[in-house]
Amino acid sequence: MCICVDCRWVDDCQAYHAVERQHGVPHLCDAPAFVPDSPRIHVQVVDLPAGQVGVEWDVRGCASFEADPGRWQRLCPGLSLPR
Ligand code: SF4
């Protein structure tokens with residue numbers, strides 16, 4: 001799970017914006033201004049149905065992380081957390 005969903009910067013962060021782009025999901029913000037310090041992005045190849053293969057991108061560590069539990073979910077009520 002990407003730690004960004006519980007970070008206060010998630011809706012203004014350039015690294016999370018890149019993760020959204022890789023996942024092909026809508027952006028929380030069109031032009032984020034915040035540049036995080038040392039985000040570590042974990043890239044994983046995953047099996048998909050019908051023999052397809054996908055790639056998951058998750059931020060697993062970041063020096064700029066500031067805990068704000070549930071921030072992404074509060075910004076997107078009713079939606080499933082991005083995987
Ligand atoms: S954890 Fe880092 S990369 Fe993720 S939203 Fe927060 S500042 Fe951005």
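## Exercises on a predicted model

Of this protein's 83 residues, 19% count as buried, where buried takes 20 or more other C-beta atoms, placed from the backbone, within 10 Å of a residue's own. The model is predicted: local features need pLDDT of at least 70, side-chain atom pairs count only at pLDDT 80 or more, and totals for chains, interfaces and linings use all residues. Residues are numbered from 1 along each chain as its sequence is written.

**Exercise 1.** Work out the fold pattern and check the radius of gyration against the globule rule.

*Solution.* Start by listing the elements: you get two helices and two strands. These are DSSP runs, numbered from the N terminus, with H or I over at least four residues for helices and E over at least two for strands. Next, read along the sequence and you find α-β-β-α. Now the radius of gyration: it is 13 Å, close to the 12 Å from the globule rule for 83 residues, so the protein is as compact as a globular protein of that length. (The radius is taken over C-alpha atoms; the rule is 2.2 Å times the number of residues to the power 0.38.)

**Exercise 2.** Describe how strands E1 and E2 pair.

*Solution.* First, find the strands: E1 spans residues 40-47 and E2 residues 53-61. Then look at the pairing, which is antiparallel over eight bridges; DSSP has to find at least two bridges for a pair. Pick out one facing couple: His-42 stands opposite Asp-58 in E2. Finally, go to the hairpin, with five residues between the strands, where Ala-50 takes a positive phi near 65°.

Definitions and conventions: Buried ≥ 20, exposed ≤ 12 C-beta atoms within 10 Å, placed from the backbone.
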